Amino acid sequence: MPDIVWKVTVLYFTTILGFCCCFHTDVNPEDNPNIPAIAKYLATKGRYEEVNPHLIDDILAVNRSILQPPSAQCREIHLTAIIRHGTRYPTSKNVKKMQKLYELVKSSAAAKQSWLREIQTQWRMWYTEDMDGRLVQKGVDDHKHLAVRLSKLFPTMISEEKLRGGFIKFITSSKHRCVNSTLSFKAGLTGLWAITDKEFDHAVNDALMRFFDLCTRFVEEVDNNPSALSEVDKFRQGPEMRRVQEKIADRLRVPYNNITDDMAEAAFYLCAYEFAIKTVNSPWCRLFDEVDAQVMEYANDLKQFWKRGYGHDINSKSSCILFHDLFSRLDKAADENKSGQQVTEAVTVQVGHAETLLPLLTLLGFFKDSDALTSTNYASQTQRSFRTSHMLPYAANLLLVLYDCGGGELRLQPLLNEKTVTFPGLTDQRASMPLYEDVKKHYRELLQGCDFEAECQLFKPPADV
């Protein structure tokens, strides 16, 4: 979208909509022929709009009533936003899998349905390996729109005055999709306020935003250790996945042994990327019904659980450095506020990956089910809370907002994907905005321990004497 059109569009919507609750509740994505029936099961490849369906109708809609501070005295003094990059192209590894499936379908599929003819005669394999996870235009828009919505949700914090005054800090992973998402977020704000006379810096910090690469124990014990994901491998070879593969083979009319678990995954990705990038209900989506999609979603969740979530202790402990950085920012804001100073870092926007957010959410205890996800308990996990389709779409974001409610009372509100959530284990009547001291007490062990260097170094047995 050209800059001038973007500015006019944003200013128009902001003027018309104001800072009010402005979304309709009658949006039903299932009635939209452009939305695949399986859209809500696309895991980490899903759109942000599936998590917040009201945005389909109005991409700049916000609902400030969700904040509900306990008294009118409460005012925001600091906001940290940890955000996943926007919609991206597939990685080169997945492009290769997709290419292989496309060639099979084009050469061997014998079914007569119109959707298959469309794949074989009209659809072209347009993904190339050099795309390799780069941000797409939809990803640019994801972050521009998110910036505008957050400025409407927190108008005293994410404001032109605070941006120009240097009170908003931007930090990003070095990956191009994150840097470009950060640039897009900033463009959303400068476009909103028509700022053309000034540019705003960002810092690249992989120690914070790609901590998983620097955690030796995680790399050795999980990332580079095939046995760490044995439950994922068992599920991919198990009866549920085998049935999905057979149904895909039946729909294409090809021999069962032609459709491997990699082929099924490639088909799922083709549906997901066509939808996320182009908002197209692709004929590839017709290879799955809802039951199949739930199995594919579970396979994806299982991988995230064992590689980034609760499956191994080091997964979450690798985020200790980000955890401590987060609370040090909150403490600094609290101290400055207590001493009557202006909070020097009113807003911190940190852009990273799904692999940045999930270990931190896990360390904080969010979305923990009573039973671990395994290769054999798919049927009993249909109501699980650990569901990446809900937690980690493109542009997923965790917000922590610190409030001064008067009389030295500080409260902390967490939001995930612009919805209020409660800190696990904090269940008082004001659980959506507990006392900051209660939050710190709850995480006391992590605040006192959870040392990144200690957790991440490999244990070396003492040498023989």
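Okay, let's start with a hole: the largest cavity in this structure holds about 80 Å³ of space. Before going further, this is a predicted model, where local features need pLDDT of at least 70 and side-chain atom pairs count only at pLDDT 80 or more, while totals for chains, interfaces and linings use all residues. Residues are numbered from 1 along each chain as its sequence is written, and side-chain values use heavy atoms, with hydrogens and water left out.

So what do I mean by a cavity? On a 1 Å grid over the protein atoms alone, a cavity is a set of points where a 1.4 Å probe fits but cannot get out; a pocket is an open set with protein on both sides within 12 Å along at least five of seven lines, and lining residues have an atom within 4 Å of a point. Grid points are joined across faces, edges and corners, and a volume is the space filled by probe spheres set on the points.

Back to our hole. Which residues line the largest cavity? They are V232, R236, M241, D261, E265, M296, A299, N300 and K303. Three helices, α12 (230-236), α14 (261-278) and α15 (290-307), each supply at least two residues of that lining. The largest share, 4 residues, comes from α15. A quick word on naming: helices are DSSP runs of H or I with at least four residues, numbered from the N terminus. By class, the lining has 4 nonpolar, 1 polar and 4 charged residues. Here Ala, Val, Leu, Ile, Met, Phe, Trp, Tyr, Cys and Pro count as nonpolar, Asp, Glu, Lys and Arg as charged, and the others, Gly among them, as polar.

How many cavities of 30 Å³ or more turn up in the whole structure? The search finds 2. The second largest has about 40 Å³ of space, and its lining is Y48, E49, I59, D142, H145, R149 and A395. Both α2 (48-51) and α6 (137-153) supply at least two of those residues, with α6 giving the most, 3 residues. That lining divides into 3 nonpolar, 1 polar and 3 charged.

Now for the open space. The largest pocket has a volume of about 1,000 Å³. It is lined by 36 residues, and K93, K303, K307, R308 and E355 lie nearest its centre. You'll recognise K303, which also lines the largest cavity. Helices supplying at least two pocket-lining residues each include α4, α14, α15 and α18 (354-363). As for classes, the pocket lining has 7 nonpolar, 10 polar and 19 charged residues.

On to how some of these helices meet. The axes of α4 and α14 come within 9 Å and cross at roughly 100°. That makes the two, α4 and α14, roughly perpendicular, a label for angles of 65 to 115 degrees. The axes are lines fitted to C-alpha atoms, for helices over the stretch in contact, and angles run from 0 to 180 degrees between N-to-C directions. On the α4 side, the contact includes N94, K97 and M98, and on the α14 side, D262, M263 and E265 are among the residues; contact means heavy atoms within 4.5 Å. The whole contact has 9 nonpolar, 1 polar and 4 charged residues. And E265 is also in the lining of the largest cavity.

Helix α4 (residues 92-108) has another partner, α5 (residues 114-121): their axes come within 9 Å and cross at roughly 110°. That makes α4 roughly perpendicular to α5. Y102, V105 and K106 of α4 touch L116, I119 and Q120 of α5, a set of 4 nonpolar, 1 polar and 1 charged residues.

Last pair: α17 (residues 320-338) and α18, with axes within 9 Å and a crossing of roughly 75°. These two, α17 and α18, are therefore roughly perpendicular. C320, L322 and F323 of α17 meet T356, L360 and L363 of α18, and by class that gives 5 nonpolar, 1 polar and no charged residues.

Definitions and conventions: Angles under 35 degrees count as roughly parallel, over 145 as roughly antiparallel, 65 to 115 as roughly perpendicular and the rest as oblique.
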